[in-house]
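Thank you for making time for this one; I would like to walk through a single model with you, going from strand pairing to the core, then the pocket, and ending with a few individual residues.

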Amino acid sequence: MGFIIRQMKKRDIAQVQQVAIESWHATYDGIIPLAVQDRFLDGAYNDKSMKHRLKSSLLFVAELDGRIVGFANFSNVDQRGKAELGALYLYPEHQGAGIGTALLQEGIKQLEGVREIYLHVEKQNRIGARFYEAKGFEVLEEFADEFDGHILQTVRMVLYVKKRSRV
C-alpha cells in the first residue's frame with residue numbers, strides 16, 4: 001500500500017485543487033463540456049471555498065510518498081445521523097489501489113454518530129457508480145439535474161452505516 005489517510009490541512013489546498021481538476025477532467029471528459037467543468041471547479045475549489053470547506057466539513061487526504069493523490073469531503077452529521085459525501089476524488093492512476101476505500105472508511109470512522117451517508121453521482125460516471133455500489137451504497141433515485149446549462153442524469157445513493165462496537 002504505502003499511502004496514509006489523514007485530515008486535510010490548510011497547506012494541502014493546492015495539491016487537493018490539482019487532484020480535483022485532474023480527476024474531474026478524466027472522469028467527465030465527453031460527459032460534461034470542459035468549459036462547464038472549469039467553471040464548476042473554479043467556484044467549488046478556489047482558495048476561499050477550500051478554506052470554508054476546511055472549517056465547516058470533514059476533509060481527508062490520501063498521501064503517497066509525500067504527495068496527495070486523493071481526497072474525500074464529508075459534511076458534518078446532522079441530528080438524525082445523516083451526512084453527505086460531497087467529494088471523493090483520486091488521480092486516475094491511483095484508482096483501484098484501495099485508496100478510495102480507505103478514504104471512505106476513514107470518514108465512516110470519524111463521523112461521530114453517522115447512520116446514513118448520502119451522495120450524488122453522475123449516471124455516466126460508471127467508475128464512480130460501480131465503486132459506490134461495491135461499497136454497499138444503494139440507489140435511492142435518478143433525476144435530471146441542470147448543471148450550469150448542461151443537463152446531467154444524477155443518481156442519489158445512500159449507505160446505511162452499521163458501526164461495530166469496539167471491544
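What follows is a short tour of this structure, taken region by region.

Please keep in mind throughout that this is a predicted model.

Let me begin with the strands. Strand S5, which covers residues 116–122, is joined by seven bridges to strand S7, residues 150–160, and the two run antiparallel. At one point of that pairing, glutamate 116 of S5 stands opposite tyrosine 160 in S7. S5 also has a partner in S4, to which three bridges join it, and there the strands run parallel; in that pairing lysine 82 is the residue that stands opposite glutamate 116. So how enclosed is S5? Six of its seven residues are buried, and S5 is therefore largely enclosed by the rest of the structure.

S7, for its part, also pairs with strand S6, residues 138–147, in the antiparallel sense and over nine bridges, with glutamate 146 having isoleucine 151 in S7 as its bridge partner. Two residues lie between the strands of this hairpin, and aspartate 148 takes a positive phi there, near 55°. Aspartate 148 is not a glycine, and with a relative accessible area of 40% it is partly exposed.

A second residue with a positive phi is aspartate 65, where the value is near 50° and the residue is again other than glycine. Aspartate 65 lies in the loop between S2 and strand S3, the latter covering 67–74, and it is exposed, with a relative accessible area of 75%.

Turning to the interior, the largest nonpolar core has 52 residues, and those with the most contacts inside it are Tyr45, Phe71, Phe74, Leu85 and Ile117. In soluble globular proteins, nonpolar side chains tend to be buried together. If we leave aside neighbours within four places in sequence, phenylalanine 74 is in contact with a set of residues that includes Leu58, Phe60, Leu85, Leu103, Leu111 and Ile117, but also Ser57 and Glu84.

Now the pocket, which may be of interest to this group. The largest pocket has a volume of about 940 Å³ and is lined by 42 residues, with Tyr28, Tyr89, Val121, Asn125 and Tyr132 lying nearest its centre. Which element gives the largest share of that lining? It is S4, with seven residues, although helices H1, H2, H4 and H5 and strands S5, S6 and S7 are also among the elements that each supply at least two. By residue class, the lining divides into 23 nonpolar, 14 polar and five charged residues.

Finally, I would like to set out two charged residues, taking each in its surroundings. Arginine 156 lies in strand S7 and is buried, because its relative accessible area of 17% falls under the 20% cut-off. Not counting residues up to four places away in sequence, arginine 156 touches several residues, among them Glu84, Glu138 and Glu141, together with Tyr118, His120 and Phe143.

Glutamate 63 has its place in strand S2, residues 58–64, and is buried, with a relative accessible area of 17%. Under the same exclusion of sequence neighbours, glutamate 63 touches Gly2, Phe3, Ile4, Arg6 and Ile68. As a last distance, the C-alpha atoms of glutamate 63 and alanine 26, which are 37 residues apart along the chain, are separated by 20 Å.

Methods:
Residues are numbered from 1 along each chain as its sequence is written. This is a predicted model: local features need pLDDT of at least 70, side-chain atom pairs count only at pLDDT 80 or more; totals for chains, interfaces and linings use all residues. Side-chain values use heavy atoms; hydrogens and water are left out. Two strands pair if DSSP finds at least two bridges between them. Helices (H or I, at least four residues) and strands (E, at least two) are DSSP runs, numbered from the N terminus. A nonpolar core is a set of buried Ala, Val, Leu, Ile, Met, Phe, Trp, Tyr and Cys residues joined through side-chain atoms within 4.5 Å. Buried means under 20% relative accessible area, exposed over 50%, partly exposed in between (1.4 Å probe, protein chains only). Contact means heavy atoms within 4.5 Å. On a 1 Å grid over the protein atoms alone, a cavity is a set of points where a 1.4 Å probe fits but cannot get out, and a pocket is an open set with protein on both sides within 12 Å along at least five of seven lines; lining residues have an atom within 4 Å of a point. Grid points are joined across faces, edges and corners, and a volume is the space filled by probe spheres set on the points. Ala, Val, Leu, Ile, Met, Phe, Trp, Tyr, Cys and Pro count as nonpolar, Asp, Glu, Lys and Arg as charged, and the others, Gly among them, as polar.
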